[in-house]
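Trainee: Before we plan anything at the bench, could you take me through this structure, one question at a time?
Mentor: Gladly; have the sequence and the structure open beside you as we talk.

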Amino acid sequence: MAKISFHHGDGSTDVLEVEPGTSVMRAAVTNGVSGIVGECGGQAMCATCHVYVRQEYLDALPPVGDDEDEMLDCTVDERTDRSRLGCQVKVGDGLEAIEVDVPESQV
Amino acid sequence: MSIAAEARPVPTADWVTIEDLYRNPFPIYQKMRAEAPVHWVPAVNRYMVTSFEACHIIEQDQEIYSANETGSLMKRAMGHSMLRKDDPEHDVERKSYGGVLRPRAIKETWNAIFQENSDKYLAQLKAAGPGADFIWEYAAPYAAENLRRIIGFENATQEDLQRWSQTMIDGTGNYADDPEVWAKAEKSSAEVDAAIDEMLPRLRQHPNATLLSGLADMKIPLESIRANLKMTIGGGLNEPRDVLGVAVWALLSNPDQLAQVLAQPARFTDVFDEAIRWVAPIGMYPRQVTRDTVLEGMALPEGARLGVVLGAANRDPKQFEDPETFNINREKKPHLAFGGGIHYCAGAWVAKASVAAIALPQVFDQLPNLRLDPEHPAVDAGWVFRGMVKFPVLWDQK
Ligand code: HEM
Ligand code: FES
């Protein structure tokens with residue numbers, strides 16, 4: 001199992017243990033983590049699964065893809081160099097744990 | 001206990017009629033939602049799903065809720081498009097659209113064309129003068145010409161696109177099996193096939209940024225290209241037209257909100273979002289249940305044909321406070337107007353760019369004191385698709 005921590009603006013944190021291969025978006029939506037919408041079901045089309053990945057995990061991630069890059073320019077909360085689409089980041093395979101900050105708004 | 005024993009039986013709504021739905025479905029949805037999230041509706045010959053929660057569950061689960069409906073009239077009218085397929089078949093065809101409808105292409109290619117088209121049809125509306133119909137002089141030709149350019153039909157006019165769209169959509173809704181409706185839909189379908197056949201070799205020689213050009217070199221069967229483009233003609237024209245009409249109508253009917261937006265044009269994005277929440281341009285779409293299941297506590301049998309009523313989900317009081325009111329200042333919450341899951345609207349960014357970023361600001365900028373015509377009231381209608389069918393407007397001529 002891999003571990004995903006979602007840090008919220010109010011200081012609370014949701015911690016999930018999920019199967020390797022699960023995306024950050026899918027984990028959040030399946031477990032009812034607030035603040036992650038994932039309208040398009042993971043096609044990098046809706047930009048409602050935006051997360052800020054904590055610095056120490058950034059280097060372990062695959063590079064931002066073309067579709068992801070384009071969609072990150074369409075997020076409601078500001079894009080930073082920690083921004084990723086939750087649907088494009090999968091845990092497991094060298095990424096056994098990840099921590100993300102959930103943006104204020106997705107829509 | 002068996003699944004069915006735990007679940008509530010689905011009530012029948014035999015009091016619902018198509019005529020009432022067409023005129024104004026919202027009071028009907030209010031009554032249905034308050035009673036149960038799902039009803040069997042004899043007049044529609046489907047289970048109608050009206051709660052936000054249940055519609056959302058359906059969208060996210062293609063295994064239990066298949067888009068590949070048996071006896072689909074859409075398949076008959078337009079062929080078997082990606083919209084009526086599940087993954088993995090759907091995914092191959094959805095990917096065949098590549099980046100044409102995505103933000104980068106919109107920025108690089110389509111925005112300039114949308115602007116050109118808005119200029120052109122605003123001039124047409126102005127020339128028709130105050131009292132002209134906002135839909136038929138501006139919104140419809142604007143949406144149709146945008147779509148014509150995106151698809152790449154150099155060999156057709158925006159009027160052709162409007163006729164194709166309407167007649168094929170009428171086929172999709174031809175539950176009465178009217179032969180005249182089928183004849184018109186078939187004629188349009190044949191015209192689209194001929195237009196595609198003519199364009200594909202041309203675009204192979206001279207590729208460009210259009211959908212047809214991207215498809216010309218794809219290894220997907222011609223039959224699928226045809227069906228997908230017909231679905232895109234039916235799904236990419238009336239909806240931007242209708243959101244444009246409803247958004248302008250809602251603002252003209254709510255002067256406080258209009259004043260707010262005019263002072264802060266960035267808020268046209270909120271106007272767009274609230275307009276499609278308030279009146280979802282696609283009010284209902286079909287799904288079919290693949291096995292006995294329970295949906296939000298309601299038992300559904302294998303094979304059940306569902307109507308996913310976005311128009312009702314978007315006004316569910318459990319999701320939205322004071323849902324019947326158009327209010328651009330409401331708390332931001334996800335709505336379902338663009339659908340969700342794997343069939344999430346492929347044209348969502350095109351609609352936002354063409355309507356919220358270009359058309360709405362320009363319309364209010366160039367038509368001073370734009371207002372309703374008290375002598376000739378606007379008329380909104382429809383339920384499977386809903387928008388303004390008549391919308392005369394007045395403004396001050398400079
Ligand atoms: C405000 C305007 C629009 C609204 C409200 C809207 C709504 C929708 C909805 C609800 C669906 C999903 C239907 C279902 O799951 O059965 C959909 C799918 C689709 N829409 Fe839109 N649409 C709009 C504009 C457009 C435009 C402008 C285009 C093309 C340029 C377009 C192309 C498509 C396509 C190709 C699909 C099928 C996607 C798939 O099956 O994967 N739409 N749209
Ligand atoms: S779920 Fe839509 S972009 Fe990630």
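**The iron, its shell and the two sheets**

Mentor: Let us begin with a position in a loop of chain B, bearing in mind that this is a predicted model: C345(B) is placed in the loop that connects α16 (310–313) with α17 (348–366) of chain B.

Trainee: Which protein atom is the donor to the iron atom of ligand 1?
Mentor: Donors are counted among N, O and S atoms within 2.8 Å of the metal, and a single protein atom serves the iron of ligand 1 in this way. At a distance of 2.3 Å, that donor is the SG atom of C345(B).

Trainee: Which residues come nearest to ligand 1, and which element supplies the largest share of its shell?
Mentor: The residues around ligand 1 number 28, and those that come nearest are H90(B), R94(B), R287(B), H343(B) and C345(B). At least two shell residues each come from α6 (89–95), α12 (222–236), α13 (238–253), β4 (285–289) and α17 of chain B. By class, the shell is made up of 18 nonpolar, 7 polar and 3 charged residues. The largest share, 4 residues, is supplied by α12(B).

Trainee: How many ångströms separate an oxygen atom of ligand 1 from an N or O atom in the side chain of H343(B)?
Mentor: It helps to set this contact beside two others of ligand 1. A nitrogen atom of the ligand is 3.3 Å from a polar backbone atom of G235(B), while an oxygen atom of the ligand lies 2.8 Å from a polar side-chain atom of R94(B). For the side chain of H343(B) and an oxygen atom of ligand 1, the distance is 2.7 Å.

Trainee: Which strands are the edge strands of the open sheet in chain B?
Mentor: This open sheet has 5 strands with mixed pairing, in the order β1-β2-β7-β4-β3. Each edge strand pairs on one side only, and the two in question are β1 (38–41) and β3 (65–66) of chain B.

Trainee: Within that sheet, which residue stands opposite Q288(B) in β7(B)?
Mentor: Let us walk across the sheet, where β1(B) and β2 (46–49) of chain B pair in the antiparallel sense over 4 bridges, with V41(B) and R46(B) as bridge partners. Next, β2(B) runs parallel to β7 (305–308) of chain B, joined by 3 bridges, and V49(B) stands opposite V308(B) there. The pairing of β4(B) with β7(B) is antiparallel, over 4 bridges. Here the residue opposite Q288(B) is R305(B).

Trainee: Why is one side of β2 and of β4 in chain A left without a neighbour in the sheet?
Mentor: The open sheet of chain A has 5 strands in the order β2-β1-β5-β3-β4, and its pairing is mixed. Both β2 (13–18) and β4 (83–85) of chain A stand at the edges, so the reason is that each has a single partner strand.

Trainee: In that chain, which residue of β5(A) stands opposite K3(A)?
Mentor: The strands to look at are β1 (residues 2–7) and β5 (residues 97–101) of chain A, which pair in the parallel sense over 5 bridges. Opposite K3(A) in β5(A) stands A97(A).

Trainee: Which backbone features should I check, and what is the omega of the bond between D87(B) and P88(B)?
Mentor: Most residues other than glycine have a negative phi, and most peptide bonds are trans. In the loop between α1 (24–30) and β3 (50–53) of chain A, A47(A) has a positive phi of about 60° although it is not a glycine. In chain B, P88(B) is found in the loop between α5 (73–78) and α6. The peptide bond joining D87(B) and P88(B) is cis, with an omega of about 5°.

Trainee: What is the radius of gyration of chain B?
Mentor: Chain B has 17 helices and 11 strands. The globule rule gives 21 Å for its 398 residues, and the value for the chain is close to this, so chain B is as compact as a globular protein of that length. The radius of gyration of chain B is 21 Å.

Definitions and conventions: Residues numbered from 1 in each chain as written. Chains lettered and ligands numbered in written order. Predicted model: local features only at pLDDT ≥ 70, side-chain atom pairs only at ≥ 80, totals over all residues. Heavy atoms only, no water. Donors = N, O, S within 2.8 Å, 3.2 Å for Na, K, Ca; no water. Pairing = 2+ DSSP bridges. Near = heavy atom within 4 Å. Polar contact = N/O pair within 3.5 Å; in protein donor to acceptor, adjacent residues only side chain to side chain. Nonpolar A, V, L, I, M, F, W, Y, C, P; charged D, E, K, R; others polar. Rg over C-alpha atoms; globule rule 2.2 N^0.38 Å.
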